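Below is a walk through one protein chain, taken from a pair of charged side chains outward to the fold, the cores and the surface.

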Amino acid sequence: MELVQNVINQSQGRDRVFRATQYACALSVYALGNNSQRKELVSKLNRLEANMSAGRKLFRLGNAISAIEAAKRTMRLSDRVLCLCLTAANINRALFFICDNTLWAGSVGLLRLIDKERWSVNASRFYLLSLVMSLTRDVYVISQLIVQRARDKHFRKKMISHLNESPEVAEVIIPHLDAFLFLLLQSFKSHPPVVLDTIKNICDLSMPLDKLGIYPSNAGIVSFCGLVSSLIGIVTLIQPKLRIKP
């Protein structure tokens, strides 16, 4: 119970709880479909989803500053690949939040005569670029883990033993594929934060890809991916050791 309270007390934690609720409502509405007997329930879920979305926009006010500060920190990383990926991801996140905050200001009447469609498209573009750079970081980290594992003598013996257990399979499969998959799975098993971050970023991709028309999906898929991503975000807040670093 204390962990739940700590999550709710954090602005980021509240945003993720609201986000999970928002996508859970959207997924429920999609699942209920055109059920005439559930019209009242669908209406309530739609209202709750809209309220969650509006609440999240308030929580995101000022996040552009946090993203810029994060970009300043990642610029000092000694690893050039991580420095490039994370700095680019944070800059695009900052630009996304600026667009998102502008849209919110327009929706409440603080700004007038703004092209909402244009700002929305730009927000999705920046969000997509941020996710692509974050996924690039994930792929880089995974490749580093695989290389480290492959160089470990003890692990190499374990891998050879695994391959010898099914030599006929190793001969049929594309050369080295079985060894690569074994290395990949073992790397994932020993570093859960990388797995969670990769799944989260892949799930998040469905939203900007759908909005920009690059890879259209139905509301059910987008809602499911959003819910999975939100739950992973909540888990990493409750268990900081599952959060990828840097």
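## Charged pairs and the helices around them

In this predicted model, Asp138 and Arg137 form a salt bridge, with an N to O distance of 3.3 Å. Asp138 has a relative accessibility of 0% and therefore counts as buried. Arg137, at 7% relative accessibility, is also classed as buried, the cut-off being under 20%.

Arg137 takes part in another salt bridge, with Asp197, where N and O are 3.2 Å apart. Asp197 belongs to helix α10 (residues 192-211) and Arg137 to helix α6 (residues 116-151), so this pair ties together parts that are 60 residues apart in sequence. Asp197 and Arg137 are both buried.

The structure holds nine salt bridges. One of them joins Arg60 to Asp100, with 2.8 Å between the closest N and O atoms. Because Arg60 sits in the loop between α3 (39-59) and α4 (63-74) while Asp100 is part of helix α5 (residues 80-107), the pair ties together parts that are 40 residues apart in sequence. Here too the partners are buried, Arg60 as well as Asp100. Elsewhere, salt bridges link Arg19, Lys200 and Asp204 in a network.

Helix α10 can be checked against its expected length. Its 20 residues should span 28 Å at 1.5 Å a residue, and the end C-alpha atoms lie 30 Å apart, which agrees. The buried residues of α10 include Pro193, Val194, Asp197, Asp204, Leu205 and Leu209. Among the elements that cover the buried residues of α10 are α2 (11-32), α6 and α11 (219-238). After α10 comes Gly213, which has a positive phi, near 75°.

What does the secondary structure of the whole protein chain come to? The protein chain has 11 helices and zero strands. Of its 246 residues, 39% are buried. Counting contacts in the protein chain between residues at least 6 apart in sequence, 72% join residues at least 24 apart.

In soluble globular proteins, nonpolar side chains tend to be buried together. The largest nonpolar core in this model has 13 residues, and Phe96, Phe97 and Leu205 touch the most other members. At least two residues of this core come from each of α4, α5, α6 and α10. The most are given by α6, which supplies five residues. Leaving aside residues up to four places away in sequence, Phe97 touches Arg60, Asn63, Ala64 and Ala67. Phe97 is thus in contact with Arg60, the residue that forms a salt bridge with Asp100. Apart from the largest core lies another core of 10 residues, including Leu82, Leu145, Leu183 and Ile244.

Nonpolar side chains also appear on the surface. Ile91, Leu95 and Ile98 make a nonpolar surface patch of about 220 Å². Ile98 is placed in helix α5, the helix that also holds Asp100. With a relative accessibility of 40%, Ile98 counts as partly exposed. For the protein chain as a whole, the accessible surface comes to about 15100 Å², and 61% of this belongs to carbon and sulfur atoms.

Notes: Residues are numbered from 1 along each chain as its sequence is written. This is a predicted model: local features need pLDDT of at least 70, side-chain atom pairs count only at pLDDT 80 or more; totals for chains, interfaces and linings use all residues. Side-chain values use heavy atoms; hydrogens and water are left out. A salt bridge is a side-chain nitrogen of Lys or Arg within 4 Å of a carboxyl oxygen of Asp or Glu. Helices (H or I, at least four residues) and strands (E, at least two) are DSSP runs, numbered from the N terminus. Buried means under 20% relative accessible area, exposed over 50%, partly exposed in between (1.4 Å probe, protein chains only). The expected span of a helix is 1.5 Å times one less than its number of residues. Contact means heavy atoms within 4.5 Å. Patches are made of residues with over 30% relative accessible area and no salt bridge: like charges are joined within 9 Å, nonpolar side chains (Val, Leu, Ile, Met, Phe, Trp, Tyr) within 5 Å. Accessible areas come from the Shrake-Rupley method with a 1.4 Å probe; for residues, only the protein chains shown count as cover. A nonpolar core is a set of buried Ala, Val, Leu, Ile, Met, Phe, Trp, Tyr and Cys residues joined through side-chain atoms within 4.5 Å.
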